[in-house]
Each structure stands twice: as C-alpha cells, then as structure tokens.
Amino acid sequence: MKEDQHKKNTKEPDAENPYKLLDLKLTKVENWAAGVPAVIAAFSDLIEEKTLMRGTKALFKMNQIGGFDCPSCAWPDPDDERSPLGEYCENGAKALAEEATSKKITAEFFKENSVYSLAKLDDYQIGKMGRLTEPMYLPQNGTHYEAISWDNAFKKIAEHLTALESPNEAAFYTSGRTSNETSFLYQLFAKEFGTNNMPDCSNMCHETSGSALRPTIGIGKGTVTLEDFYDTDVIIIIGQNPGTNAPRMMSALAKGKANGAKIIAINPLPEAGLMGFRNPQEIKGIIRNGVKLADLYLPVKINGDMALLKAIETILIELENKNPGKIFDYDFIREKTTGYDAFLKQFENYNLDDLVELSGVSKETLYQMAEMIAFKKRIIVCWGMGLTQQPNGVDMIKEILNILLLKGSIGKPGAGVCPVRGHSNVQGNRTMMIDEKPTDEQLDRLQSFYGFNPPRKHGYDVVRAIKAMHEEKVKVLFSMGGNFLSATPDTTFTANALRKLNLTVCVSTKLNRSHLIHGKEAIILPTLSRSDIDMVNGEIQFITTENSMGVVQSSKGMLKPISDNLINETQIVCRMAMATLGNKSVINWQRYHDSYDAVRDDIEKCIPGFENYNLKVREKGGFYLPNAARDGQFITKEFGDRAPFTLTEIPVNELNHDEYLMATTRTHDQFNTTIYGLDDRYRGIKNERRVIFMNPKDIEKAGFKSGDKVDLFNYDDNIERIAPLFIIVSYQIPEKNTVTYFPETNVLVSVNNVVKDSNMPASKYVKIKIKKHDPKIYEKINKL
C-alpha cells in the first residue's frame, strides 16, 4: 500500500494481534464546546484530505439557500436569513472534507491490495483511502476486486435477483443520507420486485421514537420548529449530546437561553456540549467564555431515566396538591387526553426515595428540576440514542409525553417533543416509505397510481434481516449507502451472516468495512456525493431532503465529481429496475432515470403533504410538511382525537458483583460509523479509540488502575463475546456504569438485546465483565 495513503499514527495490524494500541494521551476534559478549536479542526481535515481550496469553496455553499444540504446531521437550517460566515459546524466540515477529498481509489488500488489485507485495517484507516471512482466486482473465491462496467454490474445484480426462489430472499438496506427521490424509487422497486424487506438505519437509531410517538400523538416525528427553541421557557435534553452529534443545535440553545429559556441536561456523562458553547462567529465566543448552557445537570445512571421521570412526576403531583390548578393544565387534560385518572392512581405505589436511588440523582437535584418546570407551560424535550437504544426506550419516551400532557406542553408554540435525528435524511427516508412495515393506506395509494399490487406482508428490519441472512432465508443484500457491518450489533454473528449471502451490493462514495466482509460475490457501485454536481442530460439537477423538523428543502451540489465514471443514486435504482424487471414492469423507469422533476411529480400523487412538490421545493427555504400534533391535534387509531396517558413500568436492573452496564457512544471525531480521527477532544482523549470510561471507585474496587489494559466480555444468550485490549480511563460517570466507543464494541451487543416494541439494538444497555488483558485472547477470538 502506498505510503501517502496512510495518515500519521496509523496502527499496523498483524494476524496474531490486530488490535495494537497507540500512545494514548489524556488531556483536559472540556466544559464547553465549539469555539476556535472547532474552526481549526474543521480546516485541518480539509488540509489532510488535500482539498483546502475546493473544500472551503464548498463550505460556504453548504446549508445555504440554493446550495447543498450538509451530509452530516439533520439539524434544521434557519427558515429565512442564514449566516454569510457559514451555516456549518465542525462535524459538517469534516463530513464535507471526506467527500470532497482529492484522494482516489481506482481499479489499480484494488489490484495492489487484496480484500484480506484491507480487512486487517481498522475502520479509520479504511475510510481514509479516498473516493471510489468506478464499479468493482469480486467474483466467488476471488481475492481482489476487479473493474466491471456499469452494464455488466446491473446484469450481474439482475441475474442474482431473478434467480431467487422468492423476492423475500432479497433485502434492500438504506442509509439516512439517501435523497427523497432515490428513497421513493428504491422502495418502489423493492415493492414491484415483490418484497417489503427494507431494513434501514432508522431501525438502529430512531425506530424507538416512532414506536412511542405514533400511538400517542399520531405522528412518528417531532412537533417543534427551530423558532420554538428561540421562544420557550424550558429546554430539557435527555440522552443526547449536542456538542458532538448535532453541533449546530448549540446555536439554537444559546439563542433560546439569551431569550430567557432555562436548560436542563440529563445524561450519565457531563458532556461539553451540554455545559457551554463558544460561538466562533461571535467575538465573545472567541475571546471570552461564551455561553453557559445547562442551568441544571442530572447525572442519571444508565437506564435510570425511567425512575428519574417518575420521580419528577411524583414531585409535580406533590406541588400540584399544594398549588391546585397551578401546575397541571386541566383544560388540556380534559379536552385533549385520555387515561388521566389511571395514570395518577399508579403513584400511590411509588416511593420517592426508592425512585431517587434507582435514578442515581440526588433528591435535591430532582426537586430543582421539578420546580424549574412546575409553573411553566412552554417546555421542549429533546432526546437522542441515549434513550432510543435502551431496552425500555419506547416506554421512556411515552413517559416524557406523560409529563408534557400533564403540563399541556405539546401542540403549542415553544412546546413539544424533539427527537434529534442523526443522519441528514433519515426522517425523509421514512416519509418516502422506506419502511419494512408499510401501512395499507400507503400501499393502496401506490396500487391506485401505478397499477401493480404491492406486497402486504411486513418485511425484515435490521435485526430480523441479520437473523434471516444467518438462516439463509435472505441470499442477496443490496445496501443503498451506509456501512452495514460496522453499524449493526453482534459483529461476529453479523459478519458470519453476510458471508453466507450469494451477493452483497454496496452503493458507496468511499471504501468501508462492508465491502471487505461480503457475500460469495460482491459488487461496489460508486456514486455521487451530496456536494457533487449532478448533471443529467446536460442540466444540473437538485435533490431534496427532510430535516429533523419536517422541512423539505432542495440540495444542489457544486463540486466537479472526482471521476467521470460515477452516476447518481436515482440512476442506479432505475438501471437496476430496468435490468431486473424488464418488460414486466408497469413503471417508466427511464423517465425517472432522466429527470428528478418527474420523480417529484409522482411523489406528490402518492404521499400526502407533497402537493405541488416541484413548485414548493423551489421556494426559498423549502416547505413544512403537515404535522397535526404540532397544531394540537392528536389523531391516533386507538384513541381517536385524544393523546393517551401511558402506564409504564420501572425496569429491574440487577448486576452481579463483577458486572457493569456499558453504553456505546461516538467520539467527537466521528459521525456514525465514519471515523475522522483518533481524538475525542471534549472528553480529553487523544490518539486512541480503544478506551473504556469507568468511575474511579469502580476501578479501585476491581483492583485496576487508570491506564490498565483490559478485555471486555458479554455473556448474553450464554455466548461469550469478546472485545479485546482496551485502556481504562477514570471518568466522572455513575458507579457500575461504563462507556465505550462504537463500532469497536458493537461485537458485545447481542443481536437479541433489543428495545421492546421497536426491535432496535439496545446498544446503550449492555452487561459486561472486565478482565485484565490476556495476550492469548486472540487465539480464542480466532476460533469464534
């Protein structure tokens, strides 16, 4: 491998010990985020990717009117005026640097590097190789990918799909970066082919949110707008880290704070992005301390959130009894809800002291929080995967809704729920019917418009797809973006499942691990990135996306593609459809292939809320989709026009003396499975990812010390899962709780450790044991 394809500080693996550690350095743990260091880090990545001029030019078009949508998170842009200095954050700039890189991967690269040699690298090294430039094919028993023409690639895919005994032997995975247009056509192809096997990234991040919100408020999305953050009384952030996962959110929090809002942060770790914000576009963010964000921080135990929420409700009931009619909104409860009496009665069985102990938060702090919201009505609650990836995540979100229903704090300005989405169009994917459980109403509309009978049987989500692959019920996996293996749980089990497939196909911009752990045959289809110029029939095209708050907007790339042999994702779907379905199709795929406008014209006929799509999306800032719950209308199947109070249970969390609860998380130097670097600046970690954060008392009790090397084990399902060679880092975290980074510890997350009702991997709740590192551990791992 060429020397310039390596970044400094790379780890050279070998077969005996593929997990060599770097020289970990611990730095100061920060209590604020962004500022000048964020600007320096952003432009350092542009320099590293050899794209400073090209990338900087693109930065000033990212998230701007007439520009392109950030390929990173789904935080919304201001509806009207946008900052001329830039509407991007550090992580957005890093995401752009990754796709605007001047580094290329050609067929020559694959001739020089076998799949086996590349698979020995870590995800960070793999991702730094550069942009893919041409379709590649790995034949059965092949050792190296080789070039293949686009026509032959689609012919090969069609051969595999048409040879299946049933359409349900194929699964079509979707990443959250896929545009509305591609997503609509992708699910349309899958349904005309004959299956609803559409696992997607929502199944691993926010399926829990939809599973909780749809039956309670009638829509599986948030109910607030960006402007609501600017004019509210209280913002509660639970299980979410804005500084790393949605850095532009901090600007909204700071603006709300300046207008008088109080901010409450609930999280096992005291994250920098919850504590303070230095806006690099303001003088005080450069030369002063910036803005203190959290007025109150509650260090909840992992999975102590339910006890915390019920403790808050207990205190609110106490305050209501002392101040009748001042705390609860009885008009709202009477007119908009159902089940209040049964909800209230359950608290006869709760003891506040017990709830305090289970939550891990002091009674004094819980009273402070309750008093901060007691006499307020304009309350916004935000959450992320810290809630959605816990076994009872659905119930916890319903409990959050219980509090808002008590207060009448939903469906009005400055109040409501805000599930903070991760990927930039993950919400749009679901709106476009990327869903393994489509409704009869959705299918009826497709059938009426297109004239074919779409399958009604529900398909596989991610977890069920993995099991089906393992059982050889699925034989072809087509991935529209993403990095399936690194994103999914139970890595060894999933890798073995992928190897049983007849064919894996990955639509990608860059190399990732899912290209290297593959089926018997494998194809890589390189595509345009969000920032690339998308030229069809001599005209520059634009795509559309939907942000976290239901705004649909246009996105037009402006960079010259790194290769002339790339096609867009929509064309990939259309050419696969034409090759596979041929004359049997009732859909004019060539029309869609040649025009995004044609796709949008037909989306508006099939999906409510998209009337006059092509006209409205060309308006400045795009348009909001209908949201009845935002307008105070809660339309549910079971309860009509009322939002139900929900009865939930407090989980029993029992650990043996040598067990700990582990939650996986991102570093500040990554986005989902894309790893930008080896530092976690805000948590004081430099030059290493294989670390485990532990409470200092736990370290001492276990006979360890900070800096010790350990191996991590999970024994769910009576199976030993091993993540070897981690370094202990002493950290401010509740006792018996630990935190590690993913994807390194996804191997410890059992495929059966899932969230009740949403079937998402419960990656924030993993029971582990920690043992002194044994150099012979690799022999055991190799046998697995």
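**Salt bridges across the predicted model**

K377 is partly exposed, with a relative accessible area of 29%. In this predicted model, K377 forms a salt bridge with D329, and the closest N and O atoms of the pair are 4.0 Å apart. The two residues connect distant parts of the chain, 48 residues apart: K377 sits in the loop between helix 20 (363–374) and strand 14 (379–383), while D329 sits in the loop between helix 16 (305–322) and helix 17 (330–336). The relative accessibility of D329 is 13%; this residue counts as buried because the cut-off for that class is under 20%.

Helix 17, which follows the loop of D329, contains a further pair. D331 forms a salt bridge with R334, with the closest N and O atoms 2.5 Å apart. Both residues lie in helix 17, three residues apart, so about one helical turn separates them. D331 has a relative accessibility of 44% and counts as partly exposed.

Salt bridges with shared partners also build one network, which joins D200, E207, R430, D435, E436 and K437.

Another pair concerns helices 28 and 7. R575 forms a salt bridge with D151, and their closest N and O atoms are 2.7 Å apart. Because R575 belongs to helix 28 (residues 569–581) and D151 to helix 7 (residues 150–162), this salt bridge ties together parts that are 424 residues apart in sequence. D151 counts as exposed, at 56% relative accessibility.

The pairs described here come from a wider set: a search of the whole structure finds 47 salt bridges.

Note on methods: Residues numbered from 1 in each chain as written. Predicted model: local features only at pLDDT ≥ 70, side-chain atom pairs only at ≥ 80, totals over all residues. Heavy atoms only, no water. Salt bridge = Lys/Arg side-chain N within 4 Å of Asp/Glu carboxyl O. Helix = DSSP H or I, 4+ residues; strand = E, 2+ residues; numbered from the N terminus. Buried < 20%, exposed > 50% of the residue type's maximum accessible area, 1.4 Å probe, protein only.
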